[in-house]
Amino acid sequence: MCELLAMSANVPTDICFSFSGLMQRGGNTGPHKDGWGITFYEGKGCRSFKDPLPSAESPIAHLVTDYPIKSEAVVCHIRQANSGEVNLENTHPFIRQIWGRHWTYAHNGQLADYKQALPVKYHMPVGQTDSEHAFCWLMDQIHLRFGTAEPDAKTLFTYIASLCDDIRKLGVFNLILTNGECIFAYCTNNLHWITRRAPFGKASLIDAEMVVNFHEETTANDVVTVIATRPLTDDEQWHKMATGQWQLFQLGESIASGKAIT
């Protein structure tokens with residue numbers, strides 16, 4: 001299956017260190033060689049880089065590691081295809097618009113009978129993946145539930161968590177979703193997160209020979225949360241999410257969480 005990566009920070013922060021580890025899993029230290037993508041937010045705007053090539057071999061991926069784009073919200077995905085061809089239109093993350101915001105979505109897992117169980121009407125898929133179809137269904141349900149009146153973040157994402165509980169009945173559904181302000185993570189079977197804050201220390205990547213001393217790269221007020229399918233470092237304490245658990249982060253801090261009754 002695929003792997004996910006996201007970041008929520010209280011100051012514009014680059015994700016070069018974490019991405020340098022994840023990209024190696026795209027065809028080098030891991031089998032996720034069927035494309036990759038990353039989206040960075042700057043205010044209400046966002047910029048995306050996507051490539052159906054393996055991230056370990058992609059010149060665009062190397063550009064991202066060398067170009068320290070600073071953002072408060074980032075979503076990344078490396079793909080191991082199980083639904084849809086290996087091409088650009090099926091490459092995560094996917095983006096849709098609602099309430100004047102770009103929403104970015106990435107999924108890890110596989111869903112059965114999703115077209116029948118998740119009928120879409122307003123937000124139509126461009127590609128052929130179960131992942132994008134589920135995203136379009138989520139956007140439809142949000143539109144039908146709230147219309148033009150955007151609710152507060154906790155109300156909105158608690159409702160989205162209930163929708164994820166329904167999707168999880170169709171198979172494995174690990175999700176990262178953001179509107180540029182909040183990062184929402186939902187776990188079926190494999191998702192981890194870590195929040196870094198002062199006092200900062202050193203960290204070593206598992207998949208690349210790279211060590212960073214965050215004390216030298218940050219201020220005492222910085223807060224950065226990283227979410228990943230599997231831990232990216234081997235000398236830090238990552239939190240493993242449980243089945244049906246969800247977390248909502250804003251500016252690096254956890255602002256809401258919950259867990260489905262299984």
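**Exercise 1. Burial and exposed surface**

Task: State what share of the 262 residues counts as buried in this model, and describe the surface that the protein exposes.

Solution: In this predicted model, 56% of the 262 residues of the protein count as buried. Turning to the outside, the protein exposes about 10900 Å², and carbon and sulfur atoms supply 51% of that area.

**Exercise 2. Overall fold and dimensions**

Task: Give the make-up of the secondary structure, and then decide how the radius of gyration of the protein compares with the globule rule.

Solution: Begin with the elements, which come to six helices and 15 strands. Next, take the radius of gyration, which is 17 Å and lies close to the 18 Å that the globule rule gives for 262 residues, so the protein is as compact as a globular protein of that length. The box filled by the C-alpha atoms, taken along the principal axes, is roughly 50 × 35 × 35 Å. Finally, consider the contacts between residues at least 6 apart in sequence, of which 69% join residues at least 24 apart.

**Exercise 3. An aromatic pair**

Task: Classify the geometry of the rings of Phe-40 and Phe-49, and determine whether Phe-40 is buried or exposed and how Phe-49 counts.

Solution: A pair of aromatic rings is described by the distance of the centres and the angle of the planes. The structure holds eleven aromatic pairs. For Phe-40 and Phe-49, the ring centres are 6.3 Å apart and the planes stand at 80°. Since ring centres within 6.5 Å make a pair and planes over 60 degrees apart count as edge-to-face, the pair formed by Phe-40 and Phe-49 is edge-to-face. For burial the cut-off is under 20% relative accessible area; Phe-40, at 2%, is buried, and Phe-49, at 17%, counts as buried too. Elsewhere, Trp-103, Phe-157, Phe-184 and Trp-246 form one aromatic cluster.

**Exercise 4. Two residues in their settings**

Task: Locate Leu-4 and Gln-237, assign the burial class of Leu-4 and of Gln-237, and give the spatial separation of each from a residue distant in sequence, namely Trp-36 for Leu-4 and Thr-195 for Gln-237.

Solution: Leu-4 has its place in strand S1 (residues 3-13), and with 0% relative accessibility Leu-4 counts as buried. Along the chain Leu-4 and Trp-36 are 32 residues apart, while their C-alpha atoms are separated by 9.9 Å. Gln-237, by contrast, is found in the loop between strand S12 (223-228) and strand S13 (239-240). Because exposed means over 50% relative accessible area, Gln-237, at 65%, is exposed. Gln-237 and Thr-195 are 42 residues apart in sequence, and 9.4 Å apart in space from C-alpha to C-alpha.

Definitions and conventions: Residues numbered from 1 in each chain as written. Predicted model: local features only at pLDDT ≥ 70, side-chain atom pairs only at ≥ 80, totals over all residues. Heavy atoms only, no water. Helix = DSSP H or I, 4+ residues; strand = E, 2+ residues; numbered from the N terminus. Rg over C-alpha atoms; globule rule 2.2 N^0.38 Å. Buried < 20%, exposed > 50% of the residue type's maximum accessible area, 1.4 Å probe, protein only. Contact = heavy atoms within 4.5 Å. Areas by Shrake-Rupley, 256 points an atom, 1.4 Å probe, with all protein chains shown as cover. Phe/Tyr/Trp six-rings, centres within 6.5 Å; stacked < 30°, edge-to-face > 60°.
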